[in-house]
Amino acid sequence: MKNSWKIFPWFALLVLIPATARAMHISEGILPASWCVLWFALSAPFVAWGVWQITRRKQVDPSYIPLIGIFGAAVFVFSCFPIPVPVAGSTAHPAGTGMSAIFLGPAASVVVAFISLLLQALFLAHGGLTTLGGNTFSMGVMGSFSGFGAFLLGRMLKLNLFWCGFLAGVTADLVTYFGTSLEMSLALHGTQPFLSVLGQIFLAFMPTQIPLCLVEGAVTGGILVYVRKHRPDILRKLRVIGEVSQ
Amino acid sequence: MKQVLVVLSMLLFLGTAAVAAEQGKQEEQQPKWPGVDETVVGKYAKELGRPPRDPYINTDQGDMLLFLFALAGTGGGFVMGYYWHKIFVAGKKDQDREG
């Protein structure tokens, strides 16, 4: 009970330091129309799968709804929360989809990413409506599934829970930015070699993303450890840990 | 191990602040703390011939965007806090009572 309140200064921090977003979302007008349509078409089945998964899981287990509330809001806030990175002298934001994929499932995590990106495109001049499919694919699909895969790999390698979460957070963040680089280089490389453009864009993200992905990994791992300590039944229900928690 | 990670992360952030400040002095004309949307996405999009254009609903006007971000942060923080309390405070009490 006492320890639960320790988390509130962090929430207060999130609320009290809003600022203009500086992020990895692909802005309006960058992707040509054909690529916008393609990324929408590729993202749509994952969003539909996620909606189906959420509907099914909340019928089976009503306690799934508060989890959607927490991690849906977390993805929204994290993905428009610019964090200054002194090593690069610029700001960037985490994705949060590694964490939501663990707690909600990767397909449901795509849905919360899609809704977050839609709200940001509509009201926060952040990302874009035409590039919503592309941004959903990089942050939602690639971020969630890679983060979840990294978490499962960590469990298979018998790493402890913190390091499994750390791996998920780091992977989701880096793969999200790789997805953005991939989408931009596929659409815009023109006469230049595709791999060279991809490498240039992805490497340009690294000065901000390497420190930031470590923070995202530590936060994801920390939250998993916190949940195991205070509500291990949630992790057991999600089959994240077995009967004997590690 | 976790403490080492925290200390290393803090050193990484704090130790490089001086370097960034020095760079900032040399690049006075450039905006401070630009986001990677400008330094990477916008830069490469411009170089590759597809510069970003204004959003369809352009809220980036004066302090309007600041207001909306404050609202989004408050709303998001409230939703997280509400459900966090439901699960980790009220839910834990219920669980302890049952257990």
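Which residues does A:Ile70 touch, not counting residues up to four places away in sequence? Select A:Ile70 and look across to chain B. The partners are B:Met80, B:Tyr83 and B:Trp84. Keep in mind that this model is predicted.

**Stop 1: chain A as a whole**

Now select chain A. Chain A holds 9 helices and 2 strands. Colour the chain from its start and follow the order of elements: α-α-α-β-β-α-α-α-α-α-α. Of the 246 residues in chain A, 56% are buried. Next, think about contacts with a separation of 6 or more. In chain A, 74% of these join residues 24 or more positions apart.

**Stop 2: chain B as a whole**

Switch to chain B. There are 4 helices and 0 strands here. From the N terminus, the pattern is α-α-α-α. Chain B has 99 residues, and 21% of them count as buried.

**Stop 3: where the chains meet**

Show both chains together. How many residues does each chain bring to the contact? Chain A gives 57 residues and chain B gives 55 residues. On the side of chain A that touches chain B, several elements supply two or more residues each: helix H1 (8-16), H3, strand E2 (90-92), helix H5 (106-123), helix H7 (161-188) and helix H8 (194-230). Highlight H8(A) here, since it makes the largest share of that side, with 9 residues. Then colour this side of chain A by residue type. You will find 40 nonpolar, 13 polar and 4 charged residues.

**Stop 4: helix H3 of chain A**

Select residues 64-78 of chain A. This is helix H3, with 15 residues. From its first C-alpha to its last, the helix reaches 21 Å, close to the 21 Å expected at 1.5 Å a residue. H3(A) is mostly covered, with 11 of its 15 residues buried. Start at A:Tyr64, which is among the buried residues, as are A:Leu67 and A:Ile70. Then step along the run from A:Phe71 through A:Gly72, A:Ala73, A:Ala74, A:Val75, A:Phe76 and A:Val77 to A:Phe78; these are buried as well.

**Stop 5: the largest nonpolar core**

Stay with A:Ile70, A:Phe71 and A:Ala74, and add A:Ile102, A:Val110 and A:Ala168. In the largest nonpolar core, which has 89 residues, these six touch the most other members. The largest share of this core, 14 residues, comes from H7(A). Bring chain B back into view. The core draws at least three residues from each of its domain 1 (1-53) and domain 2 (56-99). As background, nonpolar side chains tend to be buried together in soluble globular proteins.

**Stop 6: helix H4 of chain A**

Select residues 97-104 of chain A. This is helix H4, and 8 of its 8 residues are buried. They run from A:Thr97, A:Gly98 and A:Met99 through A:Ser100, A:Ala101 and A:Ile102 to A:Phe103 and A:Leu104. What covers the buried residues of H4(A)? The cover includes H3, H5, H6, H7 and H8 of chain A. Step one residue past the helix. A:Gly105 follows H4(A), and its phi is positive, near 100 degrees.

**Stop 7: the loop between H5 and H6 of chain A**

Go to A:Leu124. This residue lies in the loop between H5 and helix H6 (132-156) of chain A. A:Leu124 is buried, because 22 other C-beta atoms lie within 10 Å. Draw a distance to A:Gly222: the two are 98 residues apart in sequence and 29 Å apart in space, C-alpha to C-alpha.

Now select A:Ala125, in the same H5–H6 loop of chain A. A:Ala125 is not a glycine, yet its phi is positive, about 50 degrees. Buried or exposed? A:Ala125 counts as buried, because it has 24 C-beta neighbours inside 10 Å.

**Stop 8: a loop in chain B**

Move to B:Trp33. Its place is the loop between helix H2 (17-26) and helix H3 (36-47) of chain B. B:Trp33 also has a positive phi of about 50 degrees, although it is not a glycine. With 16 C-beta neighbours inside 10 Å, B:Trp33 counts as partly exposed.

**Stop 9: A:Leu186**

End in helix H7 of chain A, at A:Leu186. A:Leu186 is partly exposed, because 16 other C-beta atoms lie within 10 Å. Add A:Leu31 to the selection. The two residues are 155 residues apart along the chain, and their C-alpha atoms are separated by 9.7 Å.

Conventions: Residues are numbered from 1 along each chain as its sequence is written. Chains are lettered from A and ligands numbered from 1 in the order in which they are written. This is a predicted model: local features need pLDDT of at least 70, side-chain atom pairs count only at pLDDT 80 or more; totals for chains, interfaces and linings use all residues. A residue is buried if 20 or more other C-beta atoms lie within 10 Å of its own, exposed if 12 or fewer, and partly exposed in between; C-beta atoms are placed from the backbone. Two residues are in contact if their C-beta atoms, placed from the backbone, lie within 7 Å. The expected span of a helix is 1.5 Å times one less than its number of residues. Ala, Val, Leu, Ile, Met, Phe, Trp, Tyr, Cys and Pro count as nonpolar, Asp, Glu, Lys and Arg as charged, and the others, Gly among them, as polar. A nonpolar core is a set of buried Ala, Val, Leu, Ile, Met, Phe, Trp, Tyr and Cys residues joined through C-beta atoms within 7 Å. Domain bounds come from an automatic or database domain assignment.
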